[in-house]
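User: I should like to learn how to read local backbone and packing features in a model of this kind. Could we work through some cases together?

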Amino acid sequence: MATRYFGQPIKRNEDPRLLRGRGLYVDDVQLPGMLHMALVRSPYARARIRRIDTSKALAAPGVVAVITHADLPANLQGPLPPLIPHPTLKHHKTQFALAPGQVRHAGEAVAAVVAESRYAAEDAAELVEVEYEPLPAVVDMEKALEPGSPLVHEDIGTNVAAHYTQVVGDVEKAFAEADLVFEEVFRPDRGQAQPMETRGVVAVYDRNLETLTIWDSTQAPIRIRSGLAELYGMRANQVRVIAPNVGGGFGPKIMMFYPEEVLVPWLAMKLGRPVKYIEDRREHFFATNQERDQIHRVQVAVRKDGTILGIKDVFLYDTGAYIPYGLIIPIVASCTLPGPYKIPNYHAEFKAVFTNKTICSPYRGAGRPHGVFVMERIINRIAEELGIDRVEVRRRNLIQPDEFPYDVGLIYQDNAPLRYDSGNYPGLLDKLLKLIEYDQWPARKEQYRKEGRYVGLGLALYVEGTGVGPYEGARVHVEPSGKVWVATGVGTQGQSHQTTFAQIVAEELGVRVEDVEVVTGDTGAFHWGTGTFASRAAVVAGNAVALAARDVKAKALEVAANLLEASVEDLELADGQVRVKGAPQRAVSLGQVAVAANPLRGTIPPGQEPGLEAARYFNPPQSAFSAGGHAAIIEVDPATGMIKILKYAVVHDCGRLINPMVVEGQIHGGVAQGIGGSFYERLVFDENGQLLTTTFMDFLIPTAMEVPDIAIDHQETPSPLNPLGVKGAGEAGVIPVPALFVDAIEDAFSGYGLRFREVPLDPNRLRQALAEAGVPGAGSTAA
């Protein structure tokens with residue numbers, strides 16, 4: 001019997017190499033004659049550039065070139081290409097390779113210095129003299145909408161980039177018929193991904209072959225390749241982009257183009273030498289895209305039994321100084337808000353607002369944590385107002401298993417209807433309650449209070465859109481050795497593609513997972529694709545891999561049938577062989593079949609291509625929707641505002657599991673980031689647009705001491721939308737954490753009238769809120 005690989009917790013193929021320090025990251029790329037680039041960045045959030053004097057920098061030791069906007073060729077002087085258009089995005093403003101005459105956020109690049117060493121480049125960058133005329137900055141998105149506010153882009157006469165509304169049902173009628181109507185304002189604040197590896201680019205140009213090779217810590221190497229080829233007037237096959245091992249992506253590395261991704265390759269061609277740029281950590285804080293900043297004004301209509309009749313959510317989305325990525329984040333936020341609940345009448349409306357702050361683009365969750373935070377806060381408010389248990393309110397509003405596919409009535413980020421493909425939300429909730437021992441909680445909470453401890457339980461449910469299109473492809477090739485080589489266009493930043501894709505192929509071809517080599521993130525290995533983002537790789541690329549492997553299997557059976565003088569129906573693939581069913585001694589190795597499929601002499605059957613390989617593409621008809629629930633028991637020290645997570649539980653449904661261990665690793669990492677974004681990590685700008693939190697002393701990241709053990713259970717409702725029945729899991733861990741965090745803290749101090757409407761809650765803000773509520777010992781340093 002053939003070994004089963006799909007669904008098994010197989011150890012990762014990539015780990016032996018990475019754990020031995022044999023990975024290749026961008027900064028590991030060392031080339032003869034390498035030059036290094038440093039950028040001169042604006043200290044102002046908004047200012048006119050009056051003059052740039054590069055003479056002192058050019059005279060500095062080791063300096064090869066100093067470039068300003070005026071030195072760029074015409075094709076690089078304009079705004080960089082926009083990514084995702086939308087009919088309502090009237091002002092799709094994008095950033096420049098180097099600022100042309102005005103800077104619009106602190107940290108915007110105004111000049112590039114290239115030198116023989118990183119040290120020489122950075123020293124010379126300090127010698128570039130830039131004369132600025134500071135201008136009033138607008139930092140608060142509500143103030144940005146006020147008449148007379150400074151304009152981020154004066155040529156458009158407004159700070160509103162887009163205004164978009166979607167309506168389901170009859171919202172006005174729902175409010176007229178409601179037993180209870182209330183309003184809330186919620187403020188998810190700004191945060192940022194902090195990958196271990198910051199951004200980096202290395203480029204080298206071969207004048208003889210007229211080819212440009214780029215190593216880039218990007219999540220979308222094929223899109224970078226295609227975009228740069230167009231910008232530089234080259235053929236796509238003249239540009240090779242390699243995303244090697246990437247030390248964390250989390251969304252910001254999908255955004256293209258960062259100025260460095262345009263400048264470094266152009267400088268390599270201009271100077272005839274390899275050029276490297278590696279972002280330092282301080283640069284990362286203000287030069288790499290951020291996310292999360294929204295203000296939601298919500299009205300809710302409810303029956304007295306807790307059934308939700310309608311929701312009206314009007315919100316603002318702070319896009320920063322430019323909006324290259326389009327409206328994906330606010331659209332996802334508005335479409336995620338309904339979650340697993342039936343919301344028959346829903347008005348979702350937002351304005352995307354320019355401010356003089358760093359650009360916003362997706363960061364793990366990409367709008368989903370905002371929507372879940374608003375919805376779960378609404379649920380708890382309903383429970384409080386009506387005196388119904390919060391779990392019961394959720395249960396009464398859940399979509400039922402027999403209601404799938406369930407049409408929410410909105411248009412999702414992929415421009416397809418927001419239609420949930422499959423799920424069992426009541427079953428998921430039951431599993432979560434059992435895992436967190438919810439039935440025992442009232443007694444346990446009372447005991448904690450008797451001990452003088454403030455301990456609360458929080459929970460939150462969510463639905464996650466995954467597997468967004470348009471497509472991905474894969475090639476599967478069997479070598480004469482019997483080893484299998486797989487290439488796909490997605491990049492890898494820790495998602496275990498070298499293992500999960502290998503499991504898919506091993507299952508189809510009957511080979512060992514260790515005998516499958518997977519190549520990702522190299523445009524020289526696979527030419528077409530979109531990228532790794534939005535929890536899509538396993539769904540879209542994984543199914544392309546499966547389809548290609550099935551074609552290889554069919555071809556292997558056909559070729560082996562001639563070799564074994566047997567019918568295709570009598571053959572099977574197992575243990576690296578094609579053999580006759582019931583007579584395993586009559587067999588040929590898969591390697592022998594590969595050789596026979598590419599003969600030196602003889603003939604190939606009409607219509608059959610040479611070699612044992614196939615390439616296929618998968619185009620999902622719409623997104624596949626995962627779901628889950630998190631619950632946590634959290635203890636708060638009112639004297640310090642510090643918290644301790646006593647228990648954390650997750651139930652997740654991402655369809656059929658390719659590798660449960662990999663999924664759990666994704667959840668663990670997401671929960672850690674969710675904890676950071678809920679309580680520790682907060683970007684603070686002053687009124688002039690200066691970022692005040694640019695070190696890990698100010699921007700706190702949870703360590704292993706703050707991240708608890710996590711109990712995980714799985715539920716599998718296969719997706720009918722793809723051959724494997726899978727859904728995505730990459731962002732599941734982070735999505736509900738802010739909502740359950742504030743729920744648990746409110747529960748810990750029930751009776752004090754606390755109601756939190758913003759995240760993150762850092763220790764100081766929490767301690768202040770507890771002191772204002774009159775919690776004994778709050779704000780005191782006494783033990």
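**Reading local features**

Analyst: Let us begin with a loop: Pro470 lies in the loop between strand E18 (454-466) and strand E19 (472-478). The model is predicted.

User: What is the peptide bond from Gly469 to Pro470, cis or trans?

Analyst: The bond is read from omega: here omega is near 5 degrees, and the bond is cis. Val759 and Pro760 are also joined by a cis peptide bond, with omega about 0 degrees. Pro760 sits in the loop between strand E29 (758-759) and helix H20 (763-772).

User: Which sign does phi of Ala366 have?

Analyst: Phi of Ala366 is positive, near 45 degrees, although the residue is not glycine. Its place is the loop between strand E15 (345-354) and helix H11 (368-386). Arg292, likewise not a glycine, has a positive phi of about 90 degrees, and this residue belongs to the loop between helix H9 (281-287) and strand E13 (294-302).

User: Why is Arg292 classed as buried?

Analyst: Buried means under 20% relative accessible area. Arg292 is therefore buried, because its value is 13%. Ala366 is buried at 6%.

User: How should a helix such as H15 be read?

Analyst: An α-helix has 3.6 residues a turn, so residues three or four places apart point the same way. H15 (residues 497-509) reaches 18 Å from its first C-alpha to its last, close to the 18 Å expected. Twelve of its 13 residues are buried, including Phe501, Ile504 and Glu508. Gly510 follows H15, with a positive phi near 70 degrees.

Terms used:
Residues numbered from 1 in each chain as written. Predicted model: local features only at pLDDT ≥ 70, side-chain atom pairs only at ≥ 80, totals over all residues. Heavy atoms only, no water. Helix = DSSP H or I, 4+ residues; strand = E, 2+ residues; numbered from the N terminus. Expected span 1.5 Å × (residues − 1). Buried < 20%, exposed > 50% of the residue type's maximum accessible area, 1.4 Å probe, protein only.
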